[in-house]
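Reader: I would like to learn how to read a loop residue and a sheet. Where should we start?

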Amino acid sequence: MTENPPIKRALISCSDKLGLVDFAAGLAACGVQIYSTGGTRRHLADHGIDSIDVAEYTGFPEMMDGRVKTLHPKIFGGILARRNNAADLRALQDEDIKTFDLVVVNLYPFEATISRPGVTREEAIEQIDIGGPSLIRAAAKNHQWVTVATRPEQYSAILSEIEQNGCTSMALRRRLAAEAFTMTCHYDQAIADYFRQEDGTDEFPPHLTIRLERKNLLRYGENPHQKAAVYRLPRSTTASVVNARQIHGKELSYNNLLDLDSALTIARSFPQATVSVIKHNNPCGTATCAKLALAARKALDGDPVSAFGSVLGFNRTVDVETAEVLVEPGRFIEAIIAPDFEAGAVGILT
């Protein structure tokens, strides 16, 4: 058995069908035989791509409104069989089970469902995928021989290798397996969090898992010899440094982000127009006034030497009058964070 077995047969069952038609067409052009489930099969057929119905192959129909469709030994045996194990191969032959070399699955949109206002418990429960995570975990476990795709962003790399070599590399399969287990882990965590929050009886649960997604790799950490990255909570729309949109200037460093976060936190602590000045994570001045421009001047003039090269946090939209204060001769400001900037202010500051 070769290290990289050829991709002859694919199982496709996707909730998110973005990019699926082009991917499946590419697989078909490479001679890959496609098996698919109800909705996916109809979607492919609508675009002229032939596939074999999983229910026809297993001899067992989809049932219970689609709750049961791929949970069958002829599916999982074909995914989990070890291609170098004589007993596994005999079992495949005895039970007339076909091997699957590629599994393309993504999951019911549970998180998107529960984020909708007014969603019912029954609606949330119906979006808990059962067969999908099982297929993904089976394929990822057997990645020595099976390739697993869980996101449209992975399709091009997989198809490129199949087009060039008729198979995928072990390096790619290992990476995809790691991404697959990460995805099912996060999926299950979202479901567990939903039920825990719905119960509402345990303010401080015995186990708390915080899921973060990487936003950016940074040039370096607190010091030049250190590596760093910035992460954020998925789907978070809270006003914060990591969710802010950078509208001008160079890539921000770890220290820039740290200072901006401190400046914003201080400024948002006051009800009136407030400006906070931070340098090297040390407050150099803060002022609150009826007018933002006056608050900016007072905050900067509190310690003008330390304020040189600092970052500023605002709790109001930066207007033209305030921007003119910030560019007065003798001032140098490294970065500014604010709820918004007037168009004229951006022109002055940049």
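Author: Start with how elements are named: helices and strands are DSSP runs, numbered from the N terminus. This is a predicted model. In it, Asn142 sits in the loop between helix 8 (131-141) and strand 5 (147-149).

Reader: Is Asn142 buried or exposed?

Author: Buried means under 20% relative accessible area. Asn142 has 5% relative accessibility, so Asn142 counts as buried.

Reader: Which residues does Asn142 touch, leaving aside those up to four places away in sequence?

Author: They are Ile79, Leu80, Ala81, Arg82 and Arg83. With Ala81 there is also a polar approach: a polar atom of the Asn142 side chain lies 2.9 Å from the backbone oxygen of Ala81.

Reader: Now the sheet. In what order do the 4 strands of the open sheet stand?

Author: The order is 9-8-10-11, with mixed pairing. Strand 9 (282-289) and strand 11 (333-337) each have a single partner strand, so one side of each has no neighbour in the sheet. On average, neighbouring strands are turned by 15 degrees against each other, direction ignored.

Reader: How many bridges join strand 8 to strand 9?

Author: There are 7, and strand 8 (residues 273-279) runs antiparallel to strand 9. In one of the pairs, Ile278 has Pro283 in strand 9 as its bridge partner.

Reader: What does helix 11 lie across?

Author: Helix 11 (residues 254-267) lies across strand 8, strand 9, strand 10 (310-314) and strand 11, at about 35 degrees to strand 10. Helix 12 (residues 292-301) also packs on the sheet, touching strand 8, strand 9 and strand 10. The direction of helix 12 makes about 150 degrees with that of strand 9.

Technical notes. Residues numbered from 1 in each chain as written. Predicted model: local features only at pLDDT ≥ 70, side-chain atom pairs only at ≥ 80, totals over all residues. Heavy atoms only, no water. Helix = DSSP H or I, 4+ residues; strand = E, 2+ residues; numbered from the N terminus. Buried < 20%, exposed > 50% of the residue type's maximum accessible area, 1.4 Å probe, protein only. Polar contact = N/O pair within 3.5 Å; in protein donor to acceptor, adjacent residues only side chain to side chain. Contact = heavy atoms within 4.5 Å. Pairing = 2+ DSSP bridges. Axes fitted to C-alpha atoms, helices over the stretch in contact; angles between N-to-C directions.
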